[in-house]
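Biologist: Hey, got a minute to go through a structure with me? I'd like to start with the cysteines.

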Amino acid sequence: MKTQILAFLTLLFLCASCSDDNSDPLEKKTASYDVYLGGTDNYKACYWKNGQQTFVPGGENLNGIQIVVDNNDIYLLATNIEPITQAKEWYFWKNGVKHNVAEYLNVEPNTATDNDKLFLASQIKVNNGDVYFSGVIRHYNPSTGQNTYQHCYWKNGVKTILDSHANAILSGGLEVFNNDVYVASRKNFQYNNPTMPTWDFGYYKNNTFHVVSNSLMFQNFIKNSSNSSEFYLSTRNPNPSYFSQYIYTVKDIISGNDIQIPANIIQSGITDMHTEGTDKYYIGKDFYFKNNTLVQMNNSSGFNTISHFAVKDQNIYTTRLHPSMSSVKFYINDVEAQSLPDISKGCFNSIFVVKNN
């Protein structure tokens, strides 16, 4: 069963960065960057820094899903590899010290027989040493004798309740922008049509909810690392007939305006968007657009399916799957940097690039 689960896990990678007078152009261009890659190898959570692998203590049978570096502190988030246990669990390490997320948040953990006490948006955000999580907990209310669902975010383990409902709430992602906390959410479900319910989709800015649209789903918060005035929210349509154009809308949260994605790009079936400086990158299955310029993956070995994409100072980092779904490789500017031969035992799940001063 590990093989079945890990084969579908998402990916992300690293780059080796060393430089001398005889280094090639790729090394010279990337030597001033540390690239961290979070993931799993031989069913153990781990990360790589510039190709050097570190297994985190107590990471057996856990899947590393996200790595973040903040002020030289290294954070790795992991979940259990199901179905070793049916109870969903989350853990994170800070500089190699392991924390059980449920304990850290002071909430009841899931159990094999009661698996919806905690639903965590599976991401960790770190901003100047402050650690954030978001999710939904089922909370027993002694005054009513009933369970309610609380949509919350936590800053350094301290809970802020955004909303409470008798029925389940669906939480999206979290982002911190200019010291404000943004949490995506779907709420106010209507079941007039049992085959396709409707809802309000939007985001909380701190504790205030802002409606974005009806019946769309959260895709991603998008920050421009080189422009502190740009902050976007992308959505997708839940109807399967729209999956070929995965990103449906992109809203500029600061201005409130929708970003107009060029028609030729959105019709191509884009799955993600990144921004850097004045450039916008639209990522598809085996291609990406830089603004309006198409870049097609064309690797002779077949590693053309983009699993993850990152950009830093116009250096392009991609992880790409083989069509057999058996192995994965990591590329820097279309040059292979690292590979995992068997993604049934491990995978690259997260890239984080740090520019050295």
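Biologist: So how many disulfides does the structure hold?

Modeller: The count is 0 disulfides, where a disulfide is a pair of cysteine sulfur atoms within 2.5 Å. Keep in mind that this is a predicted model, where local features need pLDDT of at least 70, side-chain atom pairs count only at pLDDT 80 or more, and totals for chains, interfaces and linings use all residues. Residues are numbered from 1 along each chain as its sequence is written, and side-chain values use heavy atoms, with hydrogens and water left out.

Biologist: Okay, why no bond for Cys46?

Modeller: Because the closest cysteine sulfur, in Cys347, is 8.9 Å from the sulfur of Cys46, too far for a bond.

Biologist: Is Cys46 buried or exposed?

Modeller: Cys46 is buried, at 0% relative accessibility. Buried means under 20% relative accessible area, exposed means over 50%, and partly exposed is in between, with a 1.4 Å probe and protein chains only. Cys152 is buried too, with a relative accessible area of 0%.

Biologist: Switching topic: how many salt bridges are there?

Modeller: The structure holds 13 salt bridges. The rule is a side-chain nitrogen of Lys or Arg within 4 Å of a carboxyl oxygen of Asp or Glu.

Biologist: What does Lys187 pair with?

Modeller: With Asp163, and the closest N and O atoms are 2.7 Å apart. That pair links distant parts of the chain: Lys187 is in strand E14 (residues 180-190) and Asp163 in strand E12 (residues 158-165), 24 residues apart. Strands (E, at least two residues) and helices (H or I, at least four) are DSSP runs, numbered from the N terminus. Both Lys187 and Asp163 are buried.

Biologist: And which residue does Asp130 bridge to?

Modeller: Lys155, with the closest N and O atoms 3.9 Å apart. Here Asp130 sits in strand E10 (residues 130-141) and Lys155 in strand E11 (residues 146-155), 25 residues apart. Asp130 counts as partly exposed at 23% relative accessibility, and Lys155 counts as partly exposed at 36%.

Biologist: Last one, where is Ser344?

Modeller: Ser344 lies in the loop between strand E28 (335-340) and strand E29 (347-355). At 12% relative accessibility, Ser344 counts as buried.

Biologist: Which side chain does Ser344 contact?

Modeller: The side chain of Asp342, through a polar contact of 2.5 Å. A polar contact is a pair of N or O atoms within 3.5 Å; within protein, one must be able to donate a hydrogen and the other to accept it, and residues adjacent in sequence count only if both atoms are side-chain atoms.
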